[in-house]
Amino acid sequence: MGIDIGRAGGRIRKSGRKTCKSDNPYMRLLTKLFKFLARRTDSNFNKAIHKRLIAPRRIRAPLSLSRLAKFMTGKDGKVGVIVATVTDDIRMIECPKMSVCALHFTERARARIKKAGGECITLDQLALRAPKGSGCVLLRGPTKARKAERYFGKAPGVPNSTTRPRVRSKGRKFEKARGRRKSRGYKV
C-alpha cells in the first residue's frame, strides 16, 4: 500500500497565520482569550473573532459610523461586533442608538454613539456578556477599498479590465495614445 504523495512530494503545508504578530499586550491577551473560547465552545463566532484578531492590519479595515448604522438597521437589541476601528462619518447627520463592540473607537465616533444613547464595549466585555456570540452581528470593513487594490486584477488594456495602470505621471504623454483614445487608432 502506497502513500498519497499529492502535490510537491507531499510537502504542502497550511498557509496563513497561526499567532498574533502584534506587540500590543492587549491584542495578545484578546487573541489568547478568543483562542480559548474557540477551542472550548462549539461556536463558529469565536473562531471567526480569533481568526480576525490574528489577521494582518490591512484585513482589519476600519468601518465608518454610517456603514455601521446601515448594517444595524432593524437589529434592535443586538450588538454590532467589529474586529477593527470604528470611525466617525461627518456626512451622517444623526447617529442612531446602537450597541457596538470593537477593537478601537475614534474619539468622535465614541462620543456620537454615547450621545445617541448607545454603548461602546470592548471585546473582553463581550466575551463575558455573550461567550457564544448570541445576539451579536459580526461586521467587517471594506478590505478592498485600499488604493493598492486598484492596481490588482486583469492587466490594464485587456478588454473588460478596470485595473489602473502603474504610470509614472498622469500627463498628456503618459499612456494616452493607442488603445486609450478613439482618435489614436482604437479605444479599449
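1. In which sense do E2 and E3 pair, and over how many bridges? The sense is parallel, and there are 6 bridges between E2 and E3. Keep in mind that this is a predicted model. One of the pairs to look for joins Thr85 to His104, its bridge partner in E3.

2. Now follow strand E3 to its other partner. Strand E4 covers residues 119–121. E3 and E4 also pair in the parallel sense, over 3 bridges. Here Val100 has Cys120 in E4 as its bridge partner. Helix H4, residues 107–115, joins E3 and E4 in a β-α-β unit. That unit is right-handed.

3. Strand E3 is mostly covered. Of its 7 residues, 5 are buried. Cys101 is buried too, with a relative accessible area of 0%.

4. Next, the cysteines. The count of disulfides is 0. Cys20 is in none, and the nearest cysteine sulfur, in Cys101, lies 16 Å away. Cys20 counts as buried because its relative accessibility is 9%, and buried means under 20%. Why does Cys101 not bond to Cys136? Cys136 holds the cysteine sulfur closest to that of Cys101, but the distance is 7.4 Å, too far for a bond. A disulfide needs the two sulfur atoms within 2.5 Å.

5. Turn to the largest pocket. Its space comes to about 470 Å³. The lining has 20 residues, and those closest to the pocket centre are Asn24, Met27, Arg60, Leu103 and His104. His104 is also the residue that bridges to Thr85. Four elements each give at least two residues to this lining: helix H1 (25–40), strand E2 (79–87), strand E3 (99–105) and helix H5 (123–129). By type, the lining residues are 11 nonpolar, 5 polar and 4 charged.

6. How many cavities of 30 Å³ or more does a search of the whole structure find? The search gives 1. The largest cavity holds about 80 Å³ of space. Its lining includes Arg52, Ala55, Ile59 and Arg60. Arg60 thus appears twice: it lines this cavity, and it is among the residues closest to the centre of the largest pocket.

7. Strand E2 deserves a second look. E2 gives the largest share of the cavity lining, 3 residues. Ile82, Val83 and Ala84 are among the residues that line the largest cavity. The cavity lining divides into 7 nonpolar residues, 1 polar and 3 charged. E2 also supplies at least two residues to the lining of the largest pocket.

Definitions and conventions:
Residues are numbered from 1 along each chain as its sequence is written. This is a predicted model: local features need pLDDT of at least 70, side-chain atom pairs count only at pLDDT 80 or more; totals for chains, interfaces and linings use all residues. Side-chain values use heavy atoms; hydrogens and water are left out. Buried means under 20% relative accessible area, exposed over 50%, partly exposed in between (1.4 Å probe, protein chains only). On a 1 Å grid over the protein atoms alone, a cavity is a set of points where a 1.4 Å probe fits but cannot get out, and a pocket is an open set with protein on both sides within 12 Å along at least five of seven lines; lining residues have an atom within 4 Å of a point. Grid points are joined across faces, edges and corners, and a volume is the space filled by probe spheres set on the points. Ala, Val, Leu, Ile, Met, Phe, Trp, Tyr, Cys and Pro count as nonpolar, Asp, Glu, Lys and Arg as charged, and the others, Gly among them, as polar. Two strands pair if DSSP finds at least two bridges between them. A crossover is right-handed if, with the strands pointing away from the viewer, the path from the first strand over the helix to the second runs clockwise.
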